[in-house]
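User: I have a model open and some questions about it. Can we go through them one by one?
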Protein chains: 2
Amino acid sequence: MSFVQFVVLAGGTGGARFLRGLRAAAPDADITAVVNTGDDVTMHGLRICPDLDTVVYTLGGGIDEERGWGRVGESWTVKEELAAYGADPDWFGLGDRDLATHLIRTRMLDAGYPLSAVTAALADRWRPGVTVLPMSDQRVETHVVVTDPETGRNQAIHFQEWWVRHRAALDASAFVQVGVDAARPAPGVTEAFAAADAILLAPSNPVVSIGTILGVPGLREALLASPARIVGLSPIVGGDVLRGMADRCLPVLGIEVSAEGVGRHYGARAAGGLLDAWLVHSGDTADVPGVDVVTVPLLMSSPEATAAMARAALDAAGV
Amino acid sequence: MSFVQFVVLAGGTGGARFLRGLRAAAPDADITAVVNTGDDVTMHGLRICPDLDTVVYTLGGGIDEERGWGRVGESWTVKEELAAYGADPDWFGLGDRDLATHLIRTRMLDAGYPLSAVTAALADRWRPGVTVLPMSDQRVETHVVVTDPETGRNQAIHFQEWWVRHRAALDASAFVQVGVDAARPAPGVTEAFAAADAILLAPSNPVVSIGTILGVPGLREALLASPARIVGLSPIVGGDVLRGMADRCLPVLGIEVSAEGVGRHYGARAAGGLLDAWLVHSGDTADVPGVDVVTVPLLMSSPEATAAMARAALDAAGV
């Protein structure tokens, strides 16, 4: 039996919702999600993988739809108790339900299981309907170079501290992938690219989600070696970021906050870039030399709208 | 300024309540609790110290008075979620509030702090009003030798599995203190004995609480080297165990389940045992050669009754 096979590069909320749409659009397809782990962090001794959890919870029906992250019906007892002890950090949204996931992950990692095996074990409960792979089993953590307002000196803080604690309000001068030199694509990633009938870049943050995934040594080469067409979806709609704070990230790399800016940043596959096709939102325009630009609605405002958007991406991939 | 100094050997619920009574009876005294850690266990990657936590929560106002262990107003979200993942073990009462304590303890132990330092750090929140010391900084875990009903073979299971999972229903043939050979009294224990004006054995389980503490190499010798009188309180009242399951433990060591049986097990200090005085409940009798037996109410039915009982123990200690 031969299934059509798709691979999606994804970050958290946006990537997870897009994956849900793709699953609905192609229920018989074999879908592999290659998920950013650069947001991962260890807090209170727990290994936390926000994007992997968001993808698995979203596809498994456990997500808080309103927030876009964490568990529905969440409570915050442990977080409050940790704060009562004065434990740092106290700004991270560590939910009680979510915490069980982190406990199991931490225990398995401590026992020597690689993150890909841990992710598979956790997904066994949630049955997301897609194969969820971390981009790498090696630890890669995005740090953000910011200027200390008091001393004027540059310092690198963990992405979560910049994103969650400071709400990306501190001006960033660079993003650094700590540990990336020793990283390799997780087991299954290269194989999924090679077997893919289409590769999609979800409308996730081009810098700290998709960019982080592409920074894993060997991953970009494996992606480009695939016979499948590579189709990206713009996370910028009408010049605005719909989720997250990509508008705080793109300028750091000199990328214009527009569908065209991101498309040009990814670039044409034929010219050393990534894209065969680039989907931009109705009303947006993008001139990306060497890339098929397709204009379709890109608002993930409902499961149906998201499925239609995924269908359009598959069309652009020629499947 | 010179304070009167008391040391109490204590297990969990009974020891904690007795300590609260002693604190009420002698509010100006400098009280040190030397607490059993043989019940300690690692579950879900968390280091759990049931007796230390019970003592600190009880004295700090955080205990669930009804249960006698764990936090008041407790919730069980993490436990339920762990069970939903199928994580073992699922029979241990791991509360959400309690879990924050375990997270901090585990993190500090992993960072290299000894248990005594961790205990002091946790107590800093609860301000128990007494110095709470683990019996040892080294890991000592009580295991119980039971006979597998299917194979007929002996096997050793962790005390918590025997106590909580099996409710002590499996016949035990021995208690083994795993790790005890490498253990030493925790910092402060020997010094507390040396400086003590009275040493009290709380009405805790004589086998798996007081017995475990006394099993730490050097601790019994330091206790006996103290100039202070040693006074024990019977945990057996009218031939019954008031808390816990000491009646399942005492026979394993051939000790009669009675105030006299336990008193004789501890023995007279003058004859190589521990006791200078032994408190038994009104109506009970005990003939323990060489020991001053004192008959007083030993029901910790109210804070006032417990304080009176502590006062009686101090009287028997001659302070």
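User: What do the buried residues of α11(A) pack against?
Analyst: This is a predicted model. In it, the buried residues of α11(A) pack against three strands of chain A: β10 (229–233), β11 (236–237) and β13 (277–281).

User: How many residues of that helix are buried?
Analyst: Six of the eight, so by the cut-off of 20 or more other C-beta atoms within 10 Å the helix, residues 259–266, is mostly covered. The buried ones are Ala259(A), Val262(A), Gly263(A), Arg264(A), His265(A) and Tyr266(A).

User: And what follows α11(A)?
Analyst: Gly267(A), with a positive phi near 80 degrees.

User: Switching to Met300(A). Where is that?
Analyst: Met300(A) sits in a loop of chain A, between β14 (292–296) and α12 (303–316).

User: Is Met300(A) buried or exposed?
Analyst: Buried, because 21 other C-beta atoms lie within 10 Å of Met300(A) and the cut-off is 20 or more.

User: Which residues does it touch, leaving out those up to four places away in sequence?
Analyst: Met300(A) touches Arg17(A), Phe18(A), Gly21(A), Ala305(A), Thr306(A) and Met309(A). As for Leu214(A), its C-alpha is 24 Å from that of Met300(A), and the two are 86 residues apart in sequence.

User: Now the other methionine, Met43(B). Where does that lie?
Analyst: In strand β3 of chain B, residues 41–43. Met43(B) counts as partly exposed, because 19 other C-beta atoms lie within 10 Å and a buried residue needs 20 or more.

User: What does Met43(B) touch?
Analyst: Ile48(B), Pro89(B), Phe92(B) and Leu94(B), not counting residues up to four places away in sequence. Phe92(B) is 49 residues from Met43(B) in sequence, yet their C-alpha atoms are 8.6 Å apart.

User: Back to chain A. At what angle do α1(A) and α2(A) pack?
Analyst: At about 35 degrees, with the axes 8 Å apart; α1 covers residues 13–25 and α2 residues 50–60. The crossing of α1(A) and α2(A) is right-handed.

User: Which residues meet there?
Analyst: From α1(A), Thr13(A), Gly15(A), Ala16(A), Arg17(A), Leu19(A), Arg20(A) and Arg23(A); from α2(A), Thr54(A), Val55(A), Thr58(A) and Leu59(A). The contact of α1(A) with α2(A) is made of four nonpolar, four polar and three charged residues.

User: Which residues of the largest nonpolar core touch the most other members?
Analyst: Val8(A), Ala33(A), Val8(B) and Ala33(B), in a core of 161 residues. Leaving out residues up to four places away in sequence, Ala33(A) touches Val8(A), Ala10(A), Leu19(A), Val55(A), Val130(A), Thr131(A), Val132(A) and Leu133(A).

User: How many residues of chain A are in contact with chain B?
Analyst: 20 residues of chain A, against 20 residues of chain B. On the chain A side, α3 (77–84) and α4 (96–110) each supply at least two residues. α4(A) gives the most, with nine. That side of chain A divides into nine nonpolar, five polar and six charged residues.

User: What turn lays chain A on chain B?
Analyst: A turn of 180 degrees, with a shift of 0.0 Å along the axis and an RMSD of 0.0 Å. The two copies are therefore related as by a two-fold rotation axis. In chain A, the C-alpha nearest the axis belongs to Asp96(A), at 3.6 Å. Both copies use the same surface, as 100% of the contact residues of chain A recur in chain B.

Technical notes:
Residues are numbered from 1 along each chain as its sequence is written. Chains are lettered from A and ligands numbered from 1 in the order in which they are written. This is a predicted model: local features need pLDDT of at least 70, side-chain atom pairs count only at pLDDT 80 or more; totals for chains, interfaces and linings use all residues. Two residues are in contact if their C-beta atoms, placed from the backbone, lie within 7 Å. Helices (H or I, at least four residues) and strands (E, at least two) are DSSP runs, numbered from the N terminus. Ala, Val, Leu, Ile, Met, Phe, Trp, Tyr, Cys and Pro count as nonpolar, Asp, Glu, Lys and Arg as charged, and the others, Gly among them, as polar. A nonpolar core is a set of buried Ala, Val, Leu, Ile, Met, Phe, Trp, Tyr and Cys residues joined through C-beta atoms within 7 Å. A residue is buried if 20 or more other C-beta atoms lie within 10 Å of its own, exposed if 12 or fewer, and partly exposed in between; C-beta atoms are placed from the backbone. Axes are lines fitted to C-alpha atoms, for helices over the stretch in contact, and angles run from 0 to 180 degrees between N-to-C directions. A crossing is left-handed if the near helix is turned anticlockwise from the far one by less than a right angle, and right-handed if clockwise. Copies are superposed by least squares on the C-alpha atoms of residues with pLDDT of at least 70 in both.
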